[in-house]
Each structure stands twice: as structure tokens, then as C-alpha cells.
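Here is a walk through the strands, helices and pockets of one protein model. Have the structure open and follow along.

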Amino acid sequence: MLRLEALQASYGQSQVLQGMTFDVRAGEVACILGRNGMGKTTTLRAIMGLVQIIGGDISFEGRVISTVQPHLIPRMGISYVPQGRHIFPEFTVRENLYSGVVKGRPDPARLDQIFTLFPRLKERLSQLGASLSGGEQQMLAIGRALLPGPKLLLLDEPTEGLSPLLAQTVRESIRLIKESGMTILLVEQHPREALALADSISLIEKGTLRLHEQRTEFIKHPEKLNEYLGLAAS
């Protein structure tokens, strides 16, 4: 479904991605792991056209999207939940959700699916985004991304800064989204949680892909977590 081919990306004069190549298959959860500052977020932002691509290509469903304008990427079926959520604090929950619609009117069936995943959002439709807890804001950001009915969902550290209970709620929602058949590209800060969700693992270091394996192969060599992430193999 998604392919990055020798992708290079930069912020101004600072090159971050040094030639990333990997695939995301339709229907899988692909997870990007790596230490802080290694290029995980930049990879997602490059897919959305939000950083300067200076080499290589990104293809989605067989179409090169590296030169597509950022505002057109969501219309192609890719939704993005950035690190830090970035909801509109002055908008109500309803207005925040509706801001995710890329064309036409909100689909009532999709709204029902979102409220099934996150009942709190239905209870708080008239509340301002600023009044929500961090966990509720993350639910809102994911709900907003789901409303257009994307084919591919990009999630950047969706449990960052959440309490253990709310983080578990968000992870469970990702499992349910996975079970619906949606393709997900996930940046996760907790390797064990990533391994519980992912079908494939990509380890990146200094903007370079060091390893890309199916989870079934990766878990046979837990020492790789220590090699690339500095974590104990246990």
C-alpha cells in the first residue's frame, strides 16, 4: 500500500532522513521504533508532505505522492494523528471532529463507530477542546482522523504523556481499529506495546533504516532491542 524508496528529507539545511526504504502492506500495523531524534516523526511528516523531500520517492497505492501538495494528501485516503495531538482548543468536540472531514458531510455511520470506540467524546460534544483531559484530547485527535474513513492511519506516539489507564484505553482503541482492517503506521515509544500491536517492525537510527522485519521474525532475536534501542533483551 505504502512504499518509501531511498527517501531523504530535511528541515532547511539539516538533513534528517538519509535514504529510508520500506513498505507498509495493506491491512497491517507497521511500527517504527528508534531512539529520540532518529527521524521517526520526520518520516510521518514526510508522508504528509510537511517536510522538504530532497531525494527518493513515496508511493501510495501505486501512485507517487512525494510531490503532491500537503492539503491533498488526506483526500487520497491518509490521515495523520501528530505527536502532541494538536486539536483546536477553542473548538468544541463536535467542531474538532468535523474539521477532519475532507469532502462532503460527516458520515453518521463513521460517527457512530467513533463514539463506540470513544464514548466520552459523545458525552462531551459541546465541550471545548481545551477543557478535555490529555487522554480525551488524544481520543478526539484519533476520532478526527478516522472520520474521513482513511485507508491509512498514521499515529505518532499516541500514548505519550498519558496516565497508564488512559494509555491502555488508547492502545485498546488501536487494537480495535486494527481488527477493522485499517492499515496503520505507528510510531510508538514503548517497544513492548509496539510488539503487541505490530505486524512489522522498522528500526531506524540517525535517519537510516537499520532493520525491517515481520514481528514473528523480530521476536526471535530480542537482543536487537538492546543493540538498537539500548533496552535489555528481557
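Strand E3 is covered on both of its faces: Val29, Cys31 and Leu33 are buried on one side, and Ala30 and Ile32 are buried on the other. Put as a count, five of the five residues in E3 are buried. That split into two sets fits a simple rule: in a regular strand the side chains alternate between the two faces of the sheet. Before going further, keep in mind that this is a predicted model.

**The sheet around E3**

Where does E3 sit in its sheet? The strand order is E6-E7-E8-E3-E9-E10, in an open sheet of six strands with mixed pairing. At the edges are strand E6 (78-81) and strand E10 (208-214), each of which pairs on one side only. From one strand to the next, the twist averages 15 degrees.

E3, which spans residues 29-33, has a parallel neighbour in strand E9 (residues 200-205), and four bridges join the two. On this side, alanine 30 stands opposite serine 200 of E9, and leucine 33 has leucine 203 of E9 as its bridge partner. E3 also runs parallel to E8, again with four bridges between the strands. Here cysteine 31 is partnered with leucine 186 in E8.

Now for the helices on this sheet. H1 lies across E3, E6, strand E7 (152-156), strand E8 (183-187) and E9, and it runs at about 150 degrees to E7. Helix H6 (residues 164-179) packs on the sheet too, touching E3, E7 and E8, with its direction at about 150 degrees to that of E8.

**The other sheet**

Next comes an open sheet of four strands, in the order E2-E1-E4-E5, and its pairing is antiparallel. Strand E2 (14-24) and strand E5 (63-64) are the edge strands here, each pairing on one side only. As background, strands of a sheet pair through backbone hydrogen bonds, either parallel or antiparallel.

Strand E1 (residues 2-11) has antiparallel partners in this sheet. Eight bridges link E1 with E2, while seven bridges join E1 to E4. If you want to trace the register against E2, look at arginine 3, which stands opposite aspartate 23, and leucine 4, which stands opposite phenylalanine 22. Against E4, glutamine 8 has glycine 55 as its bridge partner.

What does the hairpin of E1 and E2 have between its strands? There are two residues there, and glycine 12 in this hairpin takes a positive phi near 60 degrees.

Helix H1 turns up again at this point. The pairing of E1 and E2 runs over eight bridges. Helix H1 (residues 40-47) packs on the sheet and touches E1, E2 and strand E4 (52-60), its direction making about 110 degrees with that of E1. H1 therefore has contacts listed with strands of the four-stranded sheet as well as lying across strands of the six-stranded one, contact here meaning heavy atoms within 4.5 Å.

**Pockets**

Which residues lie nearest the centre of the largest pocket? They are Met48, Pro74, Tyr80, Gly100 and Arg144, out of 19 lining residues. E6 and helix H5 (134-146) each supply at least two residues of that lining.

For the second largest pocket, the space is about 250 Å³. Of its 13 lining residues, the closest to the centre are Gln113, Leu117, Leu146, Ser180 and Met182. Helix H3 (108-117) and H6 each supply at least two lining residues, and H3 gives the largest share, six residues. H6 is thus a helix to watch in two places, because it also touches E3, E7 and E8, with contact meaning heavy atoms within 4.5 Å.

Here are the pocket values laid out by item.

| Pocket | Property | Value |
|---|---|---|
| Largest pocket | Volume | about 390 Å³ |
| Largest pocket | Lining by class | 13 nonpolar, five polar and one charged residues |
| Second largest pocket | Volume | about 250 Å³ |
| Second largest pocket | Lining by class | seven nonpolar, four polar and two charged residues |

How values were computed: Residues are numbered from 1 along each chain as its sequence is written. This is a predicted model: local features need pLDDT of at least 70, side-chain atom pairs count only at pLDDT 80 or more; totals for chains, interfaces and linings use all residues. Side-chain values use heavy atoms; hydrogens and water are left out. Two strands pair if DSSP finds at least two bridges between them. Axes are lines fitted to C-alpha atoms, for helices over the stretch in contact, and angles run from 0 to 180 degrees between N-to-C directions. On a 1 Å grid over the protein atoms alone, a cavity is a set of points where a 1.4 Å probe fits but cannot get out, and a pocket is an open set with protein on both sides within 12 Å along at least five of seven lines; lining residues have an atom within 4 Å of a point. Grid points are joined across faces, edges and corners, and a volume is the space filled by probe spheres set on the points. Ala, Val, Leu, Ile, Met, Phe, Trp, Tyr, Cys and Pro count as nonpolar, Asp, Glu, Lys and Arg as charged, and the others, Gly among them, as polar. Buried means under 20% relative accessible area, exposed over 50%, partly exposed in between (1.4 Å probe, protein chains only).
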